[in-house]
Amino acid sequence: MAKEKDEERAKALEEGEADDLPLMHGIPFSIKDLLNQKGKLSTVGCAYLCDDRAKDDSAIVKIYLKHGAIPIVRGNCPQSALSMHTDNLIFGESKNPHRIERSCGGSSGGDAGLVAARCVPFAIGTDIGGSMRFP
């Protein structure tokens with residue numbers, strides 16, 4: 001899909017129509033595990049949700065897809081997304097990519113680690129109790 005998007009961008013630039021491309025055309029991103037992505041698991045770190053695939057995309061995912069972004073990975077989160085450290089029994093612990101003995105934060109820690117490690121340029125996370133502010 002990325003190669004397709006690159007070819008579309010090259011063609012649009014060649015034809016002077018780059019402004020007609022969606023705002024986030026071809027940009028990869030990560031989706032936090034508590035947000036629904038059609039056909040993917042949304043476990044929120046809970047084992048009992050491991051067999052339940054999302055039937056539709058969440059509203060925020062739909063917006064990014066509409067603007068041309070490409071979801072390439074799902075970000076880990078703690079069980080029930082209620083911790084300042086990202087660890088669960090399904091996917092394990094998310095480590096800080098710069099210092100693995102340190103945490104990469106709370107419920108959006110998996111996505112924070114992916115961005116910090118330059119796996120994706122941006123990620124969709126959430127913050128109620130400080131999970132994006134603690135790392």
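Which side chain is joined to that of H25 by a polar contact? In this predicted model, the partner is E8, at 3.3 Å.

H25 sits in the loop between α1 and β1 and is buried, with a relative accessible area of 5%. Leaving out residues up to four places away in sequence, H25 touches K5, E8, R9, H67 and G68. E8 is partly exposed, at 32% relative accessibility. E8 and K5 both belong to helix α1, 3 residues apart, about one turn of the helix.

Helix α1 covers residues 2-14 and spans 18 Å from its first C-alpha to its last, close to the 18 Å expected at 1.5 Å a residue. After α1 comes G16, with a positive phi near 70°.

The whole structure contains 5 salt bridges, among them those in the table.

| Salt bridge | Closest N to O distance |
|---|---|
| E8 and K5 | 3.9 Å |
| D33 and R74 | 3.6 Å |
| R99 and E101 | 3.0 Å |

In the D33 and R74 salt bridge, D33 lies in the loop between β1 and α2 and R74 in strand β2, so the pair ties together parts that are 41 residues apart in sequence. D33 is buried, at 3% relative accessibility. R99 is partly exposed at 45%, whereas E101 is exposed at 58%.

The largest nonpolar core has 8 residues: M24, F29, I31, L35, V61, A69, F122 and I124. Strands β1 (28-32) and β5 (122-124) each supply at least two residues of this core. Apart from neighbours within four places in sequence, A69 contacts M24, I27, F29, Y64 and F122.

Notes: Residues are numbered from 1 along each chain as its sequence is written. This is a predicted model: local features need pLDDT of at least 70, side-chain atom pairs count only at pLDDT 80 or more; totals for chains, interfaces and linings use all residues. Side-chain values use heavy atoms; hydrogens and water are left out. A nonpolar core is a set of buried Ala, Val, Leu, Ile, Met, Phe, Trp, Tyr and Cys residues joined through side-chain atoms within 4.5 Å. Buried means under 20% relative accessible area, exposed over 50%, partly exposed in between (1.4 Å probe, protein chains only). Helices (H or I, at least four residues) and strands (E, at least two) are DSSP runs, numbered from the N terminus. Contact means heavy atoms within 4.5 Å. The expected span of a helix is 1.5 Å times one less than its number of residues. A polar contact is a pair of N or O atoms within 3.5 Å; within protein, one must be able to donate a hydrogen and the other to accept it, and residues adjacent in sequence count only if both atoms are side-chain atoms. A salt bridge is a side-chain nitrogen of Lys or Arg within 4 Å of a carboxyl oxygen of Asp or Glu.
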